[in-house]
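This report introduces a protein structure to a reader who has not met it before. The sequence and the model are shown first, and the description follows.

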Amino acid sequence: MPKVNTKKVTWEEVENWCKKLSEIILESKWMPDIIIAISRGGYVPARLICDLLVVGELVSIQITHWPSAAQMAKEAGVKHPLQCDLSIKKALIVDDIADTGDSIIIAKDHIWTYCRPKELKVATLQWISKVSKVKPDYYAEEVKEWIWYQYPWTRLEDIVGFIRKIIEEEKEIRSWDLDIISKKIIEYYGVEFDKWYYEKALNYLTEKGFLKREEGKYIR
Ligand code: ADP
């Protein structure tokens, strides 16, 4: 059993979930005039859903998470706000996943306050029903047990995070190469990636000073 329940998502799955979402939205007889992507996770699904529903207007709002002083948990807030008048429009917020639901709550609140849409609904690819504080109006998949969805648009970023965590935990291993990294990623996350990504991630961590390069190995 891997330590972190992880699903490696393919582009084909993304396309299929977006097709499914567009069908559910069409069947509901509700059609948005404009789509609002929650940046960054909602960008790719939002663009695809624009295409599949033939919606010509796409904007975004960026929500970020930073550590709160009070708790170890991260607090979400609006980094790049959306300021436009949506009073004659039906708007659809699109994000990749509703996990805690915090980004969606903050985005909805901000959009209602500053853009005053005629109607506002939410669509996500995944809805983690056990933990999310909000249920999206539309979702392609209900997820009953928490999983880390390794989406193709965060491939390198996630792999950098995975490698950093593994190296920090495996203190007795000082010298790393692509083979050990690959084995440890399977052990921790139960997934495998193209070695191209491992090399890019290790080089990135070296540039950042987290690793050193010595005789073809990466040293912590
Ligand atoms: P929300 O649940 O409102 O979308 P969160 O604040 O929980 O937002 O998460 C913010 C973003 O972090 C998500 O939009 C997604 O890009 C990423 N994320 C959160 N949880 C997961 C997960 N289980 N798998 C993959 N990505 C996730």
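A residue is called buried when its relative accessible area is under 20%, exposed when this area is over 50%, and partly exposed in between. By that measure E15, at 42% relative accessibility, counts as partly exposed. The model described here is a predicted one.

## Salt bridges

Side chains of opposite charge can pair when their charged atoms come close. In this model the count comes to 11 salt bridges. Three of them are set out below, each with the distance between the closest N and O atoms.

| Salt bridge | Closest N and O atoms |
|---|---|
| K7 with E13 | 2.7 Å |
| E15 with K19 | 3.8 Å |
| D102 with K133 | 2.5 Å |

The pair of D102 and K133 ties together parts that are 31 residues apart in sequence, because D102 lies in helix 3 (residues 102-115) and K133 in the loop between strand 6 and strand 7 (138-143). K133 is exposed, with a relative accessible area of 55%. Salt bridges with shared partners also join E170, K184 and E187 into one network.

The pair of E15 and K19 is placed within a single helix. Both residues belong to helix 1 (residues 11-27), where they are four residues apart, about one turn of the helix. K19, like E15, is classed as partly exposed: the relative accessibility of K19 is 38%, and that of E15 is 42%.

In the pair of K7 and E13, K7 is partly exposed at 24% relative accessibility, and E13 is partly exposed with a relative accessible area of 22%.

## A buried arginine

Which side chain of opposite charge is nearest to R155? It is that of D158, 7.2 Å away, and R155 is buried yet has no salt bridge. A salt bridge needs a side-chain nitrogen of Lys or Arg within 4 Å of a carboxyl oxygen of Asp or Glu. R155 is found in helix 4 (residues 155-169). The side chain of R155 does take part in a polar contact of 2.7 Å with the side chain of Q150. With neighbours within four places in sequence left aside, R155 is in contact with K8, V9, Q150, F193 and Y197.

## Cysteines

A disulfide is a covalent bond between the sulfur atoms of two cysteines. How many disulfides does the structure hold? The number is zero. For C84, which is in no disulfide, the nearest cysteine sulfur is that of C115, 4.3 Å away. The two sulfur atoms are too far apart for a bond, since a disulfide requires a pair of cysteine sulfur atoms within 2.5 Å. C84 is partly exposed, with a relative accessible area of 24%, whereas C115 counts as buried at 1% relative accessibility.

## Strand 5 and its partners

Strands of a sheet pair through backbone hydrogen bonds, either parallel or antiparallel. Strand 5 (residues 90-98) is largely enclosed by the rest of the structure, because nine of its nine residues are buried. Strand 5 runs parallel to strand 2 (residues 34-39), and four bridges join the two. Within this pairing, I36 stands opposite I93 of strand 5. Strand 5 is also joined to strand 6 (residues 119-128), again in parallel, by eight bridges. Here K90 stands opposite E119 of strand 6.

## A sheet of three strands

An open sheet with antiparallel pairing contains three strands in the order 9-11-10. Strand 9 (175-176) and strand 10 (212-214) stand at the edges with a single partner strand each, so one side of each is left without a neighbour in the sheet. Two bridges pair strand 9 with strand 11 (residues 217-219) in the antiparallel sense. One residue pair in this sheet is S175 and its bridge partner I219, the latter in strand 11.

## The loop at D194

Where is D194 found? D194 belongs to the loop between helix 5 (178-189) and helix 6 (195-207). The side chain of D194 reaches the backbone nitrogen of W196 at 2.9 Å. D194 and S182 are 12 residues apart along the chain, and their C-alpha atoms are separated by 9.2 Å.

Notes. Residues numbered from 1 in each chain as written. Predicted model: local features only at pLDDT ≥ 70, side-chain atom pairs only at ≥ 80, totals over all residues. Heavy atoms only, no water. Buried < 20%, exposed > 50% of the residue type's maximum accessible area, 1.4 Å probe, protein only. Lys, Arg positive; Asp, Glu negative; His and termini not counted. Polar contact = N/O pair within 3.5 Å; in protein donor to acceptor, adjacent residues only side chain to side chain. Contact = heavy atoms within 4.5 Å. Pairing = 2+ DSSP bridges.
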